[in-house]
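Welcome! Please take a moment with the sequence and the structure below, and then we can walk through some of the features together.

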Amino acid sequence: MRSAARAFLHVPVFGWFLRDAINGLPDAKYYFIVNLVFLFAGLVYLFGYAFLIIYGLTMTALAMTALIILTASDMLSKKGKPGGGGH
C-alpha cells in the first residue's frame with residue numbers, strides 16, 4: 001500500500017505539488033487543495049456535464065468498493081479461525 005501511495009509522488013507535476021503539500025510550508029496544503037479545486041473547475045469547463053456524470057459514477061463505484069472492503073474485513077479475519085471467531 002505504501003508503494004502505491006509513493007507512486008503518486010513520482011508523477012511529474014502532480015507529484016511535485018503533493019510532495020510540497022506533505023513536506024513543505026504549512027500553508028502549502030491549502031494551495032494544493034485550491035489547485036485541485038481549480039483543476040476540477042477547469043475540467044468541468046472543458047468537458048462539461050459529461051465530466052460531472054463520469055466523476056459522479058466513479059466516486060459512487062469507489063464508495064461502494066470501500067464499503068464492501070470495510071464490511072468484508074471482519075468476515076475475512078474470522079475465516080481462518082475454527083468456529084467463526086471464538087465467542
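Val 11 has a relative accessibility of 35%, so Val 11 counts as partly exposed. You will find Val 11 in the loop between α1 (2-7) and α2 (12-23). Together with Phe 8, Phe 14, Leu 36 and Leu 39, Val 11 forms a nonpolar patch on the surface. The accessible area of this patch adds up to about 430 Å².

Please keep in mind that this is a predicted model. Stepping back to the whole protein chain, there are four helices and zero strands. Read from the N terminus on, the order of elements is α-α-α-α. How much of the protein chain is made up of buried residues? Of its 87 residues, 8% are buried. The protein chain exposes about 7,600 Å², and carbon and sulfur atoms supply 75% of that area.

Next, have a look at helix α3, which covers residues 28-47. With 20 residues at 1.5 Å a residue, α3 should span 28 Å, and its end C-alpha atoms are indeed 28 Å apart, so expectation and model agree. After α3 comes Gly 48, which has a positive phi near 80°. Lys 29 belongs to helix α3. The C-alpha atoms of Lys 29 and Leu 18 are separated by 8.5 Å, and these two residues are 11 apart along the chain.

Now to the aromatic rings. The structure holds four aromatic pairs. One of them joins Phe 40 and Tyr 55 in an edge-to-face arrangement, with 5.0 Å from centre to centre and 65° between the planes. That angle is why the pair is called edge-to-face: the term applies to planes over 60 degrees apart. Which helices does this pair link? Phe 40 sits in helix α3 and Tyr 55 in helix α4 (residues 49-78), so the pair, 15 residues apart, links distant parts of the chain. Phe 40 and Tyr 55 also share one aromatic cluster with Phe 51.

Helix α4 is home to Thr 60 as well. What does the side chain of Thr 60 reach? At 2.7 Å from the Thr 60 side chain is the backbone oxygen of Gly 56.

How accessible are some of the residues we have met? The table below gathers them.

| Residue | Relative accessible area | Class |
|---|---|---|
| Phe 40 | 29% | partly exposed |
| Tyr 55 | 37% | partly exposed |
| Thr 60 | 47% | partly exposed |
| Lys 29 | 40% | partly exposed |

The class follows from simple cut-offs: buried means under 20% and exposed means over 50%, with partly exposed in between. Thr 60, for example, has 47%, so Thr 60 counts as partly exposed. Phe 40, at 29%, counts as partly exposed too.

Terms used:
Residues are numbered from 1 along each chain as its sequence is written. This is a predicted model: local features need pLDDT of at least 70, side-chain atom pairs count only at pLDDT 80 or more; totals for chains, interfaces and linings use all residues. Side-chain values use heavy atoms; hydrogens and water are left out. Rings of Phe, Tyr and Trp (its six-membered ring) pair if their centres lie within 6.5 Å; planes under 30 degrees apart count as stacked, over 60 as edge-to-face and the rest as tilted. Helices (H or I, at least four residues) and strands (E, at least two) are DSSP runs, numbered from the N terminus. Buried means under 20% relative accessible area, exposed over 50%, partly exposed in between (1.4 Å probe, protein chains only). A polar contact is a pair of N or O atoms within 3.5 Å; within protein, one must be able to donate a hydrogen and the other to accept it, and residues adjacent in sequence count only if both atoms are side-chain atoms. The expected span of a helix is 1.5 Å times one less than its number of residues. Patches are made of residues with over 30% relative accessible area and no salt bridge: like charges are joined within 9 Å, nonpolar side chains (Val, Leu, Ile, Met, Phe, Trp, Tyr) within 5 Å. Accessible areas come from the Shrake-Rupley method with a 1.4 Å probe; for residues, only the protein chains shown count as cover. A salt bridge is a side-chain nitrogen of Lys or Arg within 4 Å of a carboxyl oxygen of Asp or Glu.
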